[in-house]
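Please open the structure in your viewer and keep the sequence panel at hand. We will go from stop to stop, selecting a few residues at a time.

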Amino acid sequence: KLASIAQGDQVTLVEADLRALALAAQDFAFAFCTSNTLMHLTDPADQRRVLERAAAPLRPGGLLLIELFHPDVARLVAVHGLTELADQWTRADGTEVIKWSVRTTDWAEQLQDTLFIYEEIAPDGTVRHTRCPFTLRFLWRNEAELMLRAAGLRVEGVWSDFEGTPYDGQGEHLILLATKP
C-alpha cells in the first residue's frame with residue numbers, strides 16, 4: 001500500500017524487536033510509538049531501552065511521539081476482575097462478534113493483565129470463542145517524562161488527546177512529545 005501513495009518512497013517501515021532496534025540511517029525527523037506499544041514491554045528497563053533506541057536515530061531537533069493509556073485508578077479499580085462487554089459488531093458474512101474484557105491490576109508492579117474473549121456466532125448458530133490474553137505495564141506521567149529524559153530527550157508537551165488538550169490526569173490518553181537536543 002505504501003508504494004502506491006505519493007511520497008511513499010520517503011517512508012521507512014521497520015519491523016523489529018524494539019529493544020534491539022538499530023537503524024542504519026541516523027537522520028530521522030520523526031518517530032512514533034502509539035497504541036500502547038511501549039506498554040506491552042512489562043519491564044521498566046526494557047521500556048527505557050526502547051526509548052533510547054527510538055531516540056538514537058533522530059537528528060538533532062527530531063521528534064518522538066509516545067501515546068499511552070492514562071491509568072485511570074477509579075476505572076481500573078471498578079473493573080478489577082469483572083467480565084464486561086467491551087464491544088460487539090456484525091461481520092459482512094452475518095457473523096455476530098461479541099468482545100468481552102476481563103482486567104486485573106497489580107498496582108505495585110504497574111501491570112494490567114487483560115483477557116479479551118471474542119465470542120463469534122455464525123449465521124448457522126456455530127459458536128467459537130477466541131481468548132487473547134496480554135499484559136501491559138502502565139506508566140505515570142512523571143515516570144514517562146523521566147524515561148524520556150534518561151533517553152536523552154527533552155519533553156516538549158504532554159496531552160490527554162490528539163486534539164491537544166493539556167494533560168490533567170482525567171483523559172483517556174497520556175501523549176508525550178519529546179525532542180532530541
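Is Ser35 buried or exposed? Select Ser35 and switch on the surface: at 55% relative accessibility, this residue counts as exposed. The cut-off for that label is over 50%, so Ser35 qualifies. Keep in mind as you look around that this is a predicted model.

**Stop 1: two loops with a positive phi**

Stay with Ser35 for a moment. It is found in the loop between β1 (28-33) and α1. Its phi is near 55°, a positive value in a residue other than glycine. That deserves a look, because most residues other than glycine have a negative phi.

Now select Gln110, in the loop between β4 (96-106) and β5. Phi of Gln110 is also positive, near 60°. Is Gln110 buried or exposed? Gln110 is buried, with a relative accessible area of 14%; the label applies because buried means under 20%.

**Stop 2: the whole protein**

Zoom out and colour by secondary structure. You should find 3 helices and 8 strands. Starting at the N terminus, the elements follow the order β-α-β-α-β-β-β-β-α-β-β. The C-alpha trace spans about 60 × 45 × 30 Å along its principal axes. Of the 181 residues, 36% count as buried. The protein exposes about 10,700 Å², and carbon and sulfur atoms supply 53% of that area. If you count contacts between residues at least 6 apart in sequence, 55% of them join residues at least 24 apart.

**Stop 3: the open sheet**

Next, show the strands β3 to β6 as a cartoon. These 4 strands form an open sheet in the order β3-β4-β5-β6, with antiparallel pairing. Which strands stand at the edges? They are β3 (83-90) and β6 (127-137); each has a single partner strand, so one side of each is left without a neighbour in the sheet. Turn the sheet to look along it: the twist averages 20° from one strand to the next.

Select β5 (residues 111-121) together with β6. The two pair in the antiparallel sense over 11 bridges. For one place to zoom in, pick Glu120, whose bridge partner in β6 is Arg128.

**Stop 4: a nonpolar patch**

Select Val73, Val77, Trp107 and Trp140 and show their surface. Together they make a nonpolar surface patch of about 350 Å². Val73 lies in helix α2 (residues 73-79). Val73 is partly exposed, with a relative accessible area of 39%.

**Stop 5: Glu52 on helix α1**

Move to helix α1 (residues 44-55) and select Glu52 there. Glu52 is partly exposed, at a relative accessible area of 31%. Which residues does Glu52 touch, not counting those up to four places away in sequence? Show Ala150 and Ala151 to see them. You can also draw a distance from Glu52 to Leu139: these residues are 87 apart along the chain, and their C-alpha atoms are separated by 16 Å.

**Stop 6: Ser160 and its surroundings**

Finish at Ser160, in the loop between β7 (154-159) and β8 (173-179). Ser160 is buried, with a relative accessible area of 5%. Leaving aside neighbours within four places in sequence, its contacts include Thr165, Pro166, Tyr167 and Asp168. Add Gly171, Glu172, His173 and Ile175 to the selection, as Ser160 is in contact with these too.

Key. Residues numbered from 1 in each chain as written. Predicted model: local features only at pLDDT ≥ 70, side-chain atom pairs only at ≥ 80, totals over all residues. Heavy atoms only, no water. Patch = residues over 30% accessible without salt bridge, like charges linked within 9 Å, V, L, I, M, F, W, Y side chains within 5 Å. Areas by Shrake-Rupley, 256 points an atom, 1.4 Å probe, with all protein chains shown as cover. Salt bridge = Lys/Arg side-chain N within 4 Å of Asp/Glu carboxyl O. Buried < 20%, exposed > 50% of the residue type's maximum accessible area, 1.4 Å probe, protein only. Pairing = 2+ DSSP bridges. Axes fitted to C-alpha atoms, helices over the stretch in contact; angles between N-to-C directions. Contact = heavy atoms within 4.5 Å.
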